Amino acid sequence: MKVILANGTELSPISVTGGRRTVQGANRDVLSFVFPAETSMDELDGVFTAANCETVTIVDGESEYVHNAYTVRAELKREPVMVAGANENEPAVY
């Protein structure tokens, strides 16, 4: 999976999900990106600007999805996300 921002920056998230959420008092469409733990928060803070998010293109295999005007940042945070579930031999991977 690849995310391409308006300025041409390409990022490789683990996943991208969309939905609706109340942000700044309005019900808005939102995109949530999950990046590997080694991705720098400073890098993400610098590239996810209003200008760069005027157009967000998500390329997933053969499919390409273009989203316009995702310019209000709801949050930027670091938290554990399960990327592989536990089984009888291995614990979950976060």
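How many helices and strands make up the secondary structure of the chain?

## Overall architecture

The secondary structure of this predicted model comprises one helix and six strands. Read from the N terminus, the elements follow the order β-β-β-β-α-β-β.

The C-alpha trace of the chain extends over about 45 × 35 × 25 Å along its principal axes.

## Burial, surface and contacts

The chain has 94 residues, of which 21% are classed as buried. Its exposed area comes to about 6400 Å², and carbon and sulfur atoms contribute 47% of that area.

Contacts in the chain can also be described by the distance in sequence between the partners. Among contacts with a separation of 6 or more, 41% are formed by residues 24 or more positions apart.

## The largest pocket

The largest pocket of the model has a volume of about 1000 Å³. Its lining consists of 36 residues, and those nearest the centre of the pocket are Ser32, Phe33, Val34, Glu75 and Leu76. Sorted by class, the lining of this pocket contains 24 nonpolar, eight charged and four polar residues.

Which element gives the most to the lining of the largest pocket? That element is β4, with seven residues. The strand β4 spans residues 26-34, and at least two lining residues are supplied by each of β3 (15-23), β4 and α1 (41-47).

## Glycine 8

Glycine 8 is located in the loop that lies between β1 (2-5) and β2 (10-11). Is this residue buried, partly exposed or exposed? Glycine 8 counts as partly exposed because its relative accessibility is 45%, a value between the limits of 20% and 50% that bound this class.

A separation in space can be given for glycine 8 as well. Its C-alpha atom lies 18 Å from that of aspartate 42, and the two residues are 34 residues apart along the chain.

## Alanine 86

Alanine 86 is found in the segment that follows β6 (63-68). With a relative accessibility of 56%, alanine 86 is classed as exposed, since the cut-off for that class is over 50%.

Which residues does alanine 86 touch, when those up to four places away in sequence are not counted? On that basis, alanine 86 is in contact with Pro91 and Ala92.

## Summary

In brief, the predicted model has one helix and six strands, and its largest pocket is lined by 36 residues. Of the two residues described individually, glycine 8 is partly exposed, whereas alanine 86 is exposed.

Technical notes: Residues are numbered from 1 along each chain as its sequence is written. This is a predicted model: local features need pLDDT of at least 70, side-chain atom pairs count only at pLDDT 80 or more; totals for chains, interfaces and linings use all residues. Side-chain values use heavy atoms; hydrogens and water are left out. On a 1 Å grid over the protein atoms alone, a cavity is a set of points where a 1.4 Å probe fits but cannot get out, and a pocket is an open set with protein on both sides within 12 Å along at least five of seven lines; lining residues have an atom within 4 Å of a point. Grid points are joined across faces, edges and corners, and a volume is the space filled by probe spheres set on the points. Helices (H or I, at least four residues) and strands (E, at least two) are DSSP runs, numbered from the N terminus. Ala, Val, Leu, Ile, Met, Phe, Trp, Tyr, Cys and Pro count as nonpolar, Asp, Glu, Lys and Arg as charged, and the others, Gly among them, as polar. Buried means under 20% relative accessible area, exposed over 50%, partly exposed in between (1.4 Å probe, protein chains only). Contact means heavy atoms within 4.5 Å. Accessible areas come from the Shrake-Rupley method with a 1.4 Å probe; for residues, only the protein chains shown count as cover.
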